[in-house]
Amino acid sequence: MAQNYTVILLDNRGMGDSSIPADNDYTAETIAGDIKGVLDFLNITETYIFGHDKGAGLTSAFAAKYASMAKMVSIAEYPLPGFGYETVSDPIPSWSLYSNWQLGFFGVPDAAQYFIQGRERQMLSWYFFHASYSGTTAVSKDDLTSYTDQISKPGFLRSGLTYFEEAVVGADAAFFNSTIGQQPLAQPLLVMGGEASFAPVSLLQQFFGRVGSNISYDVVPKAGHWIGDENPSWVANRLLVFFGADSSPLPSIDLSYLTNKVTLV
């Protein structure tokens, strides 16, 4: 991807190296504004954008709220609140250890934090195994250690769980129903799901058919939920084909002035 495009990877608020927001606002609409803020700072007025899991919700919110900036959109492995998320997160009689019960658990962040804190690595190890195609090899030990270190920082486990909080999910559902629900995304939209997670294509169509008016679908082979970890080359190549179909490609941008710069402040 980086050989063809300027790739910008964001640590969303309360994640990675970004700070925890004082207002505790983790709604998709607000974070769409964060994304716009970064692009404004970099003087980027138009972009291709891709989001996975919760990032798919943030990507969709950005594309809905700042439609002129999001030229082409791709999302993966996350049904939007109000458009099917509740179907996979709400308990049903057939739930088992292999169901997505953790979404309901994370929905009460204070309780989830209480039971996870001090066992972050064990939780992540199970989480990656649970939703994978390749089992315990889905994520490398080095990456698992890195992810563990990130959420073990003071406040970051709680901030990460807040994205799943029922109040946040409810606010996201209201936002998506008032935007995409009234006017589906008009940009070219690629929706992807992992072979062992969100497949076949008919399932993707069931959950995402109302999200856009110009949608293409694809299933990532040899991947579960963690498509970027289990089959990164396939995902990158599929995005290259998708974005490459744009008849009027984005202008190039020179961000070399950011070399060795560790903060945008």
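How much accessible surface does the chain have, and what share of it belongs to carbon and sulfur atoms? In this predicted model, the accessible surface comes to about 13400 Å², and 54% of it belongs to carbon and sulfur atoms.

A look at the whole chain is a good place to start. Twelve helices and four strands make up its secondary structure. The radius of gyration is 18 Å, close to the 18 Å given by the globule rule for 265 residues, so the chain is as compact as a globular protein of that length. Taken along the principal axes, the box filled by the C-alpha atoms is roughly 50 × 45 × 35 Å. Of the 265 residues, 44% count as buried. Contacts can also be sorted by how far apart the partners stand in sequence: among those between residues at least 6 apart, 70% join residues at least 24 apart. As for charge, the chain carries 14 positive and 26 negative side chains, and the centres of these two sets lie 2 Å apart.

Helix H7 offers a helpful view of how one element sits among others. This helix covers residues 141–151, and within it Leu144, Thr148 and Ile151 are buried. Viewed down the helix axis, the buried residues of H7 fall within an arc of 75°, so they line one face of the helix. On the face turned away from this buried side, H7 carries the exposed residues Asp142 and Asp149. The packing partners of the buried residues are helix H6 (120–130) and helix H8 (156–162).

Serine 74 gives a second example of a buried position, this time in a strand. The residue belongs to strand S2, which spans residues 70–76. Its relative accessibility is 0%, so serine 74 counts as buried. Which residues does serine 74 touch, not counting those up to four places away in sequence? They are Ile49, Phe50, Gly51, Thr59, Leu189, Leu190, Met192, Leu239 and Phe242.

Next come some details of the backbone. Most residues other than glycine have a negative phi, and most peptide bonds are trans. Against this background, the peptide bond from alanine 199 to proline 200 is cis, with omega near 5°. Proline 200 sits in the loop that runs between strand S3 (189–194) and helix H10 (201–208).

Two residues call for attention through phi. Lysine 222 is not a glycine, yet its phi is positive, near 50°. The loop between strand S4 (215–220) and helix H11 (227–230) holds this lysine. Is lysine 222 buried or exposed? With a relative accessible area of 56%, lysine 222 is exposed. Asparagine 260 likewise is not a glycine and has a positive phi, of about 65°. Asparagine 260 is placed in the segment after helix H12 (232–244), and its relative accessible area of 76% makes it exposed.

Lysine 222 returns in the surroundings of another residue, asparagine 231. Asparagine 231 is found in the loop between H11 and H12. Its relative accessibility is 17%, and because buried means under 20% relative accessible area, asparagine 231 counts as buried. Leaving aside neighbours within four places in sequence, asparagine 231 is in contact with Lys222, and also with Val220, Pro221 and Ala223.

Technical notes: Residues are numbered from 1 along each chain as its sequence is written. This is a predicted model: local features need pLDDT of at least 70, side-chain atom pairs count only at pLDDT 80 or more; totals for chains, interfaces and linings use all residues. Side-chain values use heavy atoms; hydrogens and water are left out. The radius of gyration is taken over C-alpha atoms; the globule rule is 2.2 Å times the number of residues to the power 0.38. Buried means under 20% relative accessible area, exposed over 50%, partly exposed in between (1.4 Å probe, protein chains only). Contact means heavy atoms within 4.5 Å. Accessible areas come from the Shrake-Rupley method with a 1.4 Å probe; for residues, only the protein chains shown count as cover. Lys and Arg count as positive and Asp and Glu as negative; His and the chain ends are not counted. The place of a charge is taken as NZ of Lys, CZ of Arg, CG of Asp or CD of Glu. The arc is that of the directions from the helix axis to the C-beta atoms.
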